[in-house]
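Open the model in your viewer and keep the sequence beside it. This tour goes stop by stop, saying what to select and what is there.

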Amino acid sequence: MSRRSRPSTSARVKVVTTRIPTQGVLLAGGLARRMGGGDKPMRTIGGRTILERVIARLSPQCSGLILNANGDPARFAAFGLQVIADDVPGFPGPLAGILAALDWTAANRPEIEWVLSAAGDCPFLPRDLVARLHEARERESAQLAVAASGDQTHPVIGLWRVTLRDELRHALVVEDLRKIDRWTARYPLATVTWPAEPLDPFFNANTVEDIAEAERLAALDDAA
């Protein structure tokens, strides 16, 4: 069962760090059909790629960042991140990217117990994202934590315990489970809400029209 914490009083805060080591993964494995294909995070808004903006937001909050993407990893070389691909075939969705990140963290950063996932096309992520998710998880004795804004939950943006990776693999491979919220419903879940005005921090660019709106929001964000 999920419980929501109260929204923060301001959408504009300085970066807030957490004492808990947390590996970040940027999920960029989607097919971007509504944009005619290609990598959504590579689109430019306000003179910077979306991915640049996401990295700038999360780097100070995480113990390290990796990028989940399928296909040729060389196209992301300029960003200096380790690129990991899904190992569950058939583009099963973001849960496969989360699983890849949990497995990578267990193998390469065994001292880290938590992974923060975020969509690679969300350029305005909160600067207190990781800290508030951990605070809510601890306060509510939850095994997982996800973000929300307004009345909408964003299950792709959340904290995942590395030790749950075998259970997630079973759900994906054996049960053919695809929806994140169906998996999170199995565990005690904390939901943390941010205000959606004047700028929704979880705005994501799904369509060509969204890119135009992102340009407007980037001007607001850069001026803050």
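Which residues point one way from β5, and which the other way? Select strand β5, residues 64–68, to find out. G64, I66 and N68 point one way. L65 and L67 point the other way. All of them are buried. The strand is mostly covered, with five of its five residues buried.

Before moving on, note that this is a predicted model.

**The whole chain**

Zoom out and colour by secondary structure. The chain comes to six helices and 10 strands. Of its 224 residues, 52% count as buried. Now think about contacts with a separation of 6 or more in the chain: residues 24 or more positions apart account for 74% of them.

**The partners of β5**

Return to β5 and add strand β2, residues 22–27. The two strands pair in the parallel sense, over five bridges. Pick L27 and look across: N68 in β5 stands opposite.

Next add strand β6, residues 82–84. β6 and β5 also run parallel, joined by three bridges. Stay on N68 and find I84 in β6, which stands opposite N68. N68 is worth a label: L27 stands opposite it, and so does I84 in β6.

**The loop after β6**

Where does V88 sit? Its place is in the loop between β6 and α2. V88 has a relative accessible area of 8%, so it is buried. Show its contacts, leaving aside neighbours within four places in sequence. They are A96, L99, R169, L172 and V173. Then draw a distance from V88 to R169. C-alpha to C-alpha, they are 8.7 Å apart in space, yet 81 residues apart in sequence.

**Two packed helices**

Select helix α2, residues 94–108, together with helix α4, residues 165–174. Two packed helices are described by the angle between their axes and the distance between the axes. Here the angle is about 150°, and the axes are 10 Å apart. Why are α2 and α4 called roughly antiparallel? An angle over 145 degrees counts as roughly antiparallel, and α2 and α4 pack at about 150°, so they are roughly antiparallel to each other. Their crossing is left-handed.

Now show side chains at the contact. From α2, pick L95, A96, I98, L99, L102, D103 and A106. They meet R165, L168, R169 and L172 in α4. By class, the contact has eight nonpolar, no polar and three charged residues. For the spacing along a helix, remember the turn: an α-helix has 3.6 residues a turn, so residues three or four places apart point the same way.

Two names from α2, A96 and L99, are also among the contacts of V88. R169 and L172 are among them too.

**An enclosed helix**

Move to helix α3, residues 129–139. How many of its 11 residues are buried? Eight are, so α3 is largely enclosed by the rest of the structure. Select the buried ones: L129, V130, A131, R132, L133, H134, A136 and R137.

**Backbone exceptions**

Keep going past α3 to S141. Most residues other than glycine have a negative phi, and most peptide bonds are trans. The next three picks depart from that.

- S141 lies in the loop between α3 and β8. Its phi is near 50°, a positive value in a residue other than glycine. At 60% relative accessibility, it counts as exposed.
- D176 lies in the loop between α4 and α5. It has a positive phi of about 60°, although it is not a glycine. With a relative accessible area of 48%, D176 is partly exposed.
- P198 lies in the loop between β10 and α6. The peptide bond from E197 to P198 is cis, with omega near 0°.

**Last stop: α6**

Select helix α6, residues 208–223, and click E213 within it. Is E213 buried or partly exposed? Its relative accessible area is 29%, so E213 is partly exposed. Finish with one more distance, from E213 to I45. Their C-alpha atoms are separated by 9.5 Å, although the two residues are 168 residues apart along the chain.

Terms used. Residues numbered from 1 in each chain as written. Predicted model: local features only at pLDDT ≥ 70, side-chain atom pairs only at ≥ 80, totals over all residues. Heavy atoms only, no water. Helix = DSSP H or I, 4+ residues; strand = E, 2+ residues; numbered from the N terminus. Buried < 20%, exposed > 50% of the residue type's maximum accessible area, 1.4 Å probe, protein only. Axes fitted to C-alpha atoms, helices over the stretch in contact; angles between N-to-C directions. Parallel < 35°, antiparallel > 145°, perpendicular 65-115°, else oblique. Left-handed = near helix turned anticlockwise from the far one by under 90°. Contact = heavy atoms within 4.5 Å. Nonpolar A, V, L, I, M, F, W, Y, C, P; charged D, E, K, R; others polar. Pairing = 2+ DSSP bridges.
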